[in-house]
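Let's take a friendly look at the empty spaces in this model, both closed and open. Have the structure ready to rotate as you read.

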Amino acid sequence: MTIGNIVSRNAIQYPDREALVFEDTRYTWSELNRRVNRLANALLSLGLKKGDKVAMLAENVPAMVEANYALAKIGVVYFPVKTRLLAPDIKYLIDLSDAKALIFHDEMAGMVAGMKEGLPKVKTYIEVGKKTESYAVAYEEFLKKGSPDEPVAEVDAKDLYIFLCTGGT
């Protein structure tokens with residue numbers, strides 16, 4: 001059993017039960033699994049492979065849950081970055097992580113734009129929210145590029161799942 005298997009298993013066992021509730025958004029386990037699969041497959045289409053890292057810069061929004069499971073399903077390492085850090089610290093951590101993609105909330109767009117040139121390893125910017133910067137792809141549009149079918153990836157329970165940095169206190 002891996003973290004990525006949780007949403008797949010629950011989609012089979014409890015397809016119509018609520019899995020995620022956020023403001024006016026509600027997803028059943030089967031709906032959540034399809035969204036997770038779409039994200040996982042869209043990320044694979046970027047050429048990401050097991051052991052690569054994707055950074056996440058957002059507050060608690062459904063995309064964080066979806067990214068967590070999607071990355072776990074394909075063996076790509078999830079790197080959540082605390083949004084309350086200062087911009088130089090966020091830039092340092094994203095660069096340190098060797099992330100190849102950054103998923104960020106539109107509330108962080110100004111900060112991301114200011115650090116983009118200093119993040120040469122990040123090749124893809126995916127923006128969650130209602131607006132999308134010119135250098136980024138809209139999260140919902142990105143999901144549409146991926147298949148809702150289970151992604152094809154070999155993931156072992158011993159594979160690295162998450163890369164966390166503390167606040168250093």
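Which residues line the largest cavity? In this predicted model, its lining is made up of F79, P80, V81, K82, L85, L93, C165 and T166. Sorted by character, those lining residues are six nonpolar, one polar and one charged. The count of cavities of 30 Å³ or more comes to one, and the largest cavity holds about 40 Å³ of space.

Now for the open side of the story. The largest pocket has a volume of about 440 Å³. Its lining consists of 20 residues, and those nearest the pocket centre are V61, P62, V128, G129 and E140. Two helices and two strands, tabulated here, each contribute at least two residues to that lining.

| Element | Residue range | Lining residues supplied to the largest pocket |
|---|---|---|
| β2 | 25-28 | at least two |
| α3 | 62-74 | at least two |
| β6 | 124-128 | at least two |
| α6 | 139-144 | at least two |

By character, the pocket lining splits into eight nonpolar, four polar and eight charged residues.

One residue of helix α3 deserves a closer look: E66. Is E66 buried or exposed? With a relative accessible area of 0%, E66 counts as buried because that value is under 20%. Which residues does E66 touch, once neighbours within four places in sequence are set aside? Its contacts are Y27, L32, R35, V36, L39, Y139 and L143.

How values were computed. Residues numbered from 1 in each chain as written. Predicted model: local features only at pLDDT ≥ 70, side-chain atom pairs only at ≥ 80, totals over all residues. Heavy atoms only, no water. 1 Å grid on protein atoms, 1.4 Å probe; cavity = no way out; pocket = protein on both sides within 12 Å on 5 of 7 lines; lining within 4 Å. Points joined across faces, edges and corners; volume = space filled by probe spheres on them. Nonpolar A, V, L, I, M, F, W, Y, C, P; charged D, E, K, R; others polar. Helix = DSSP H or I, 4+ residues; strand = E, 2+ residues; numbered from the N terminus. Buried < 20%, exposed > 50% of the residue type's maximum accessible area, 1.4 Å probe, protein only. Contact = heavy atoms within 4.5 Å.
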